[in-house]
Amino acid sequence: MGLQAPRGTRDILPAERVYWQYLEGIARQILERAAYREICTPIFEQTQLFERGIGEATDIVSKEMYTFSDRAQRSLTLRPEGTAGVVRAYIEHGLHSQGGVQRLWYLGPMFRYERPQAGRYRQFHQLGVEVLGSADPRADAEVIAVALDILQALGLNDLTLMLNSVGDREDRSAYRQALVDYLTPYKAELDADSQERLQRNPLRILDSKDPHTQAIVKEAPRLLDYLSPRSRAHFEQVQSLLQDLGIPYQINPALVRGLDYYTHTAFEFQDLSLGNEGTVCGGGRYDHLVEELGGPATPAIGWAMGLERLILLLRDRPLPPRNQPYLYMVTRGEAAERQGLILAQQLRHQGYTVDVDLSGSAFGKQVKRADRVGATVCLVIGESEATDRTVQVKWLASGEQVLVPQQELLSESWRSRFLAAS
Ligand code: HAM
């Protein structure tokens, strides 16, 4: 058997890549309008960063990391998410000393050893934002609004915003005890994963997909009832700002998210048609992470979108047409081929997309290929055109054809004719 891409990874072929470019273009525009600046961090980091940042009891750290030793026996890990690396960079480069709020965004591959299925991969891509240096509920509302802007600009209008508060550390430890006290008598009835989590990470049991566990959890104490007055006030302000912005949401007390660093606001945008893998964007506040990783106390909030999941939703929709003439050079005979190559370069320097047919096959076959790649116009140079330094311009949609001097195609009047045809 031939070689295949590793399990859980996928090639993005050119036909699909067009959707990625479209998505990245929209995201970049919306993020720049909101004054976010792009940051890139390494694809691998010291393993410790994720153990300390994401939490050792989480599924990501305990089961899903791609960890390896390099040749000097350093333990390194392919990043399973982007927040920890961005926070490390923020501290390492003293971005906090620049004062004010840092609004950062990033896009890149992440790696988790998960069981692959539609919408879940071992190498996947996230677009994410991190806003560092503000505890203001307006920051929470802003990141949610920016995420919604991106999703709506992509035409994804059927998503549900799920919102919760996981409180601060003190709220959670009081709640954790109450939850363990409630669940312990049911221990034997819980699914195997949840039994294991009862001591290590009981809040994650709220997320269980097992129907019987869900039924037990339904009657469990609610984290929202354990919030301190301060946490409650923050959560209420976030909701009231979302209402001001006209952003609908559903409160979901079971939304706890799979990473340990969250405090206060937690949210997800979900597409219920994608089933279990329907969360296209997840995020929340993480007010202690910067300090826990060795930086100054810095409240922060962010989110990440799974791009493969967005592409799955986008691929059913037609892309907006490209407003750019696509010219296809058809030549036959040595003189014509040489002239075609030169003219193609000149037209490319004018900003056109020019595809040169290199097959040397019959004119008819070359023109058919032009049609197949979606060219707007064929430029045909045969023996007699080569002698006269002319070119046949053939519009593929109408079949209309005119003979013109080659150099005339570089003029402004031809630019508008090409544009009109595309
Ligand atoms: P997360 O919920 O682990 O959060 O991941 C965010 C999104 O990445 C998910 O909602 C999903 O769309 C996508 N995703 C996660 N795992 C996979 C996978 N195996 N295959 C395909 N897509 C996947 C975080 O990673 C946090 N760093 C988000 C954040 C930023 N919180 C604060 N700032």
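**A buried glutamine, a mixed sheet and helix α8**

Gln 406 is found in the loop that runs between strand β16 (401–405) and helix α15 (412–421). The model described here is a predicted one, and this loop residue makes a good place to begin. With a relative accessible area of 5%, Gln 406 falls under the 20% limit and is therefore buried. Its surroundings come from several parts of the chain: leaving aside residues up to four places away in sequence, Gln 406 touches Gln 339, Leu 343, Ile 381, Glu 385, Arg 389, Thr 390 and Val 391. One of these neighbours, Thr 390, also offers a polar partner, as its backbone oxygen lies 3.1 Å from a polar atom of the Gln 406 side chain. Ala 386 is 20 residues away from Gln 406 along the chain, and the C-alpha atoms of the two are separated by 9.4 Å.

Attention now turns to the sheet. Eight strands form an open sheet with mixed pairing, in the order β1-β5-β6-β11-β10-β9-β7-β8. Strands β1 (37–38) and β8 (250–251) are its edges, each pairing on one side only. Within the sheet, β6 (residues 123–132) and β11 (residues 300–306) are antiparallel partners joined over seven bridges; here Leu 132 stands opposite Ala 300 of β11.

Two helices can be followed across these strands. Helix α4 (residues 83–92) lies across β5 (102–111) and β6, and runs at about 45° to β6. Helix α5 (residues 137–153) lies across β5, β6, β7 (160–165), β9 (263–270), β10 (279–285) and β11, with an angle of about 15° to β11.

Helix α8 (residues 211–218) rounds off the picture. Its buried residues are Thr 213, Ile 216 and Val 217. Because these residues cover an arc of only 100° around the axis, they sit on the same side of α8. The helical repeat helps to read this pattern: an α-helix has 3.6 residues a turn, so residues three or four places apart point the same way. The packing partners of the buried α8 residues are helices α6 (169–183) and α7 (192–200). On the face turned away from this buried side, α8 carries the exposed residues Pro 211 and Lys 218. The N-terminal end of α8 is capped by Asp 210, which places a side-chain oxygen 3.3 Å from the backbone nitrogen of His 212.

Notes:
Residues are numbered from 1 along each chain as its sequence is written. This is a predicted model: local features need pLDDT of at least 70, side-chain atom pairs count only at pLDDT 80 or more; totals for chains, interfaces and linings use all residues. Side-chain values use heavy atoms; hydrogens and water are left out. Buried means under 20% relative accessible area, exposed over 50%, partly exposed in between (1.4 Å probe, protein chains only). Helices (H or I, at least four residues) and strands (E, at least two) are DSSP runs, numbered from the N terminus. The arc is that of the directions from the helix axis to the C-beta atoms. Contact means heavy atoms within 4.5 Å. A polar contact is a pair of N or O atoms within 3.5 Å; within protein, one must be able to donate a hydrogen and the other to accept it, and residues adjacent in sequence count only if both atoms are side-chain atoms. Two strands pair if DSSP finds at least two bridges between them. Axes are lines fitted to C-alpha atoms, for helices over the stretch in contact, and angles run from 0 to 180 degrees between N-to-C directions.
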